[in-house]
Amino acid sequence: DLLINQQKVCGILIETESESGGLVDACIVGIGINLFSVPDNPTYPVTALNLHTETQLALDDLFAALLE
């Protein structure tokens, strides 16, 4: 997790799929970034990245920066 002022703004997401034998057949890994808003009723402190920047980041610009 990535925190700003002890509030979560970003995290790693993992989704797995397995057969009944318990071995993992597939795994997808990604990231989740709170850019504009935060989830409803979170169980921990959260924030959005744009609440902590002088200029508002656009989704396309953030995506391009992540790919660099």
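1. Let us begin with a term we will need: a helix here is a DSSP run of H or I with at least four residues, and helices are numbered from the N terminus. With that in hand, we can place L62 in helix α1, which covers residues 59–67. Please keep in mind as you read that this is a predicted model.

2. Now for the overall plan. The chain has one helix and three strands. Starting at the N terminus, the order of these elements is β-β-β-α. The radius of gyration is 15 Å, well over the 11 Å that the globule rule gives for 68 residues, so the chain is more spread out than a compact globule. You can also look at its extent: along the principal axes, the C-alpha trace spans about 50 × 30 × 15 Å. Buried residues account for 18% of the 68 residues.

3. Which residue does L62 approach from another part of the chain, at 8.9 Å in space? The partner is L35, with the two positions 27 residues apart in sequence and the distance taken C-alpha to C-alpha. L62 counts as buried because its relative accessibility is 16%, and the cut-off for buried is under 20%. L35 sits in the loop between β3 and α1, and at 4% relative accessibility L35 is buried too.

4. Stay with L35 for a moment. L35 and L57 are 22 residues apart in sequence, while their C-alpha atoms are 7.8 Å apart in space. So try finding L35 in the viewer, then turn to L57 and to L62.

5. Next, the start of the chain. L2 is in strand β1 and is partly exposed, with a relative accessible area of 48%. The C-alpha atoms of L2 and I33 are separated by 9.2 Å, although the two residues are 31 apart along the chain.

6. How many salt bridges does a search of the whole structure find? The search finds one. The pair is D1 and K8, whose closest N and O atoms are 3.3 Å apart. Are these two residues buried or exposed? D1 is exposed, at 68% relative accessibility, whereas K8 is buried, with a relative accessible area of 19%. That value for K8 falls just inside the buried class because the cut-off is under 20%.

7. Here is a nonpolar patch to look for on the surface. I12, I14, V29, I31 and L66 form it, and together they have about 520 Å² of accessible area. Strands β2 and β3 (24–33) each supply at least two residues of this patch. Two of its members show how accessibility can vary. I12, in strand β2, is exposed at 61% relative accessibility. I31, in strand β3, is partly exposed at 49%, because exposed requires a value over 50%. As a further landmark, the C-alpha atoms of I31 and K8 are separated by 13 Å, and these residues are 23 apart along the chain.

8. The surface has a charged patch as well. E15, E17, E19 and D25 gather there in a patch of negative charge. One of them, E17, lies in strand β2, which runs over residues 7–18. E17 is exposed, with a relative accessible area of 56%.

9. Finally, take a look at two backbone angles. Most residues other than glycine have a negative phi. Q6 is not a glycine, yet its phi is positive, at about 65°. Where is Q6 placed? Q6 is in the loop between β1 (2–4) and β2, and it counts as exposed at 63% relative accessibility. N41 is not a glycine either, and its phi is positive at about 50°. N41 belongs to the loop between β3 and α1 and is exposed, with a relative accessible area of 74%.

Conventions:
Residues are numbered from 1 along each chain as its sequence is written. This is a predicted model: local features need pLDDT of at least 70, side-chain atom pairs count only at pLDDT 80 or more; totals for chains, interfaces and linings use all residues. Side-chain values use heavy atoms; hydrogens and water are left out. Patches are made of residues with over 30% relative accessible area and no salt bridge: like charges are joined within 9 Å, nonpolar side chains (Val, Leu, Ile, Met, Phe, Trp, Tyr) within 5 Å. Accessible areas come from the Shrake-Rupley method with a 1.4 Å probe; for residues, only the protein chains shown count as cover. A salt bridge is a side-chain nitrogen of Lys or Arg within 4 Å of a carboxyl oxygen of Asp or Glu. Lys and Arg count as positive and Asp and Glu as negative; His and the chain ends are not counted. The place of a charge is taken as NZ of Lys, CZ of Arg, CG of Asp or CD of Glu. Buried means under 20% relative accessible area, exposed over 50%, partly exposed in between (1.4 Å probe, protein chains only). The radius of gyration is taken over C-alpha atoms; the globule rule is 2.2 Å times the number of residues to the power 0.38.
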